[in-house]
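This briefing introduces a structure to a reader who has not met it before. Please keep the sequence and the model in view while reading.

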Amino acid sequence: MGTEIFTINNVVKRYGDKEILNIKSLNIKEGKIYTVLGPNGSGKSTLLRILNLLDRPSAGEISFLGQLLSFEKGLMLEQQRQMVLVTQRTVMFSTTVLANVMYGLKWRKLGRAQAREKAMEALRWVGMEEIAQRHACTLSGGEAQRVALARAIVLRPRVIMLDEPTVSMDPHSVALIEELIRRVNRDLGLTIIIVTHNLFQARRLSDESIFLYEGHLIEQGITEKMFTGAADSRTRQFVAGEIVY
Ligand SMILES: Nc1ncnc2c1ncn2[C@@H]1O[C@H](COP(=O)(O)OP(=O)(O)O)[C@@H](O)[C@H]1O
Ligand SMILES: [Mg+2]
């Protein structure tokens, strides 16, 4: 309990001379669901990319499980193995659903039969075992996201990050994905960080919310508190839908 997954100290990200992100302090604790909120262009995706070692901060420090995030190859791989980023448009390989889920296990020194078994177990877990042999290109947006989740959990990471996972999905698919995310958190004990534009989703799903505005972390706190009594006026405006994004 209380293990720190991520700790951010004075992280700045610049592209050219434009400062995109400037976060003094942010703590992500094990076992919770976090949402990252903020208008378009506020730096949400950049933050996730940096946490996933897909982009380097221009300055500052990030700890992951008590160790600084590292771009030194060996340590970087070890750290990346404990985190998964699911992006908006999940890239699927042009093969079966099963092969897509097995793909990430390639580097885990498992035999083919064992990898297949683990992948099937993950597909069963997300309720997609019947479509294991279907071609990944034939999936709907909702199905593709569920397969993406299977592909993530099969790796048994400590944290799963999702960048707008339910954007342009029908309400039924959204509900399915939200329920899955809850189960991943509750039953597998994984920490979840979701970037979402959907304020209702943030409120339904997350324990804590993080509000970004123009690259700055304005506020982090218990989600219900952020929606009913945020400290900062910009947060209050945002959750009231008064800042257009
Ligand atoms: N590779 C890049 N080069 C230059 N600017 C970028 C790059 N990636 C993102 N940006 C800029 O950084 C800002 C934050 O982007 P992003 O993190 O995608 O915001 P959000 O996900 O909150 O919409 C935007 O102004 C965007 O144009
Ligand atoms: Mg984004």
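In which sense do β3 and β8 pair, and over how many bridges? The two strands pair in the parallel sense, over four bridges. The model is a predicted one, and the points below take up its strands, the surroundings of its ligand, a pair of helices and several individual residues.

**Strand β3 and its partners**

- Strand β3 covers residues 33-37, and five of its five residues are buried.
- On one side of β3 lie Ile 33, Thr 35 and Leu 37, and on the other lie Tyr 34 and Val 36; all of these are buried, and both faces of the strand are thus covered.
- In a regular strand, side chains alternate between the two faces of the sheet.
- In the pairing of β3 with β8, Val 36 stands opposite Val 195.
- Strand β9, residues 208-213, also runs parallel to β3, and four bridges join the two.
- Within β9, Glu 208 is the bridge partner of Tyr 34.

**Strands β1, β2, β4 and β5**

- Strand β1 and strand β2 (residues 18-29) pair in the antiparallel sense over ten bridges.
- One of the facing pairs joins Arg 14 to Glu 19 in β2, the two residues standing opposite each other.
- β1 and β2 form a hairpin with two residues between them, and Gly 16 in the turn has a positive phi of about 65°.
- Strand β1 (residues 4-15) is also joined to strand β4 (residues 59-64), by five bridges, and these two strands run antiparallel.
- In that pairing, Asn 9 has Glu 61 of β4 as its bridge partner.
- β4 is joined in turn to strand β5 (residues 67-68) by two bridges, again with the strands running antiparallel.
- Here Ser 63 has Leu 68 of β5 as its bridge partner.
- The hairpin of β4 and β5 has two residues between its strands, and Leu 65 in this hairpin takes a positive phi near 50°.

**Surroundings of ligand 1**

- The residues around ligand 1 are Tyr 15, Ile 20, Gly 38, Asn 40, Gly 41, Ser 42, Gly 43, Lys 44, Ser 45 and Thr 46.
- By character, this shell divides into two nonpolar, seven polar and one charged residue.
- Helix α1 (residues 44-51) supplies the largest share of the shell, with three residues.

**Helices α5 and α6**

- Two packed helices are described by the angle between their axes and by the distance between those axes.
- The axes of α5 and α6 come within 9 Å and cross at roughly 10°.
- Because of this angle, α5 is roughly parallel to α6.
- The crossing of these two helices is right-handed.

**Positive phi in the loops beside α5, β7 and α6**

- Arg 156 has a positive phi of about 50°, although it is not a glycine.
- Arg 156 is placed in the loop between α5 (141-153) and β7 (159-163).
- Because 14 other C-beta atoms lie within 10 Å, Arg 156 is partly exposed.
- Ser 168 likewise is not a glycine, yet has a positive phi of about 55°.
- The loop between β7 and α6 (171-188) is where Ser 168 is found.
- Ser 168 counts as exposed because it has 9 C-beta neighbours inside 10 Å.

**Two buried residues and their separations**

- Ile 192 lies in strand β8, residues 191-195.
- Since 21 other C-beta atoms lie within 10 Å, Ile 192 is buried.
- From C-alpha to C-alpha, Ile 192 and Ser 206 are 8.7 Å apart in space, while 14 residues separate them in sequence.
- Leu 69 belongs to the loop between β5 and α2 (73-80).
- Leu 69 is buried because 22 other C-beta atoms lie within 10 Å.
- Leu 69 and Ala 113 are 44 residues apart in sequence and 34 Å apart in space, C-alpha to C-alpha.

Definitions and conventions:
Residues numbered from 1 in each chain as written. Chains lettered and ligands numbered in written order. Predicted model: local features only at pLDDT ≥ 70, side-chain atom pairs only at ≥ 80, totals over all residues. Near = placed C-beta within 6 Å. Nonpolar A, V, L, I, M, F, W, Y, C, P; charged D, E, K, R; others polar. Pairing = 2+ DSSP bridges. Buried ≥ 20, exposed ≤ 12 C-beta atoms within 10 Å, placed from the backbone. Axes fitted to C-alpha atoms, helices over the stretch in contact; angles between N-to-C directions. Parallel < 35°, antiparallel > 145°, perpendicular 65-115°, else oblique. Left-handed = near helix turned anticlockwise from the far one by under 90°.
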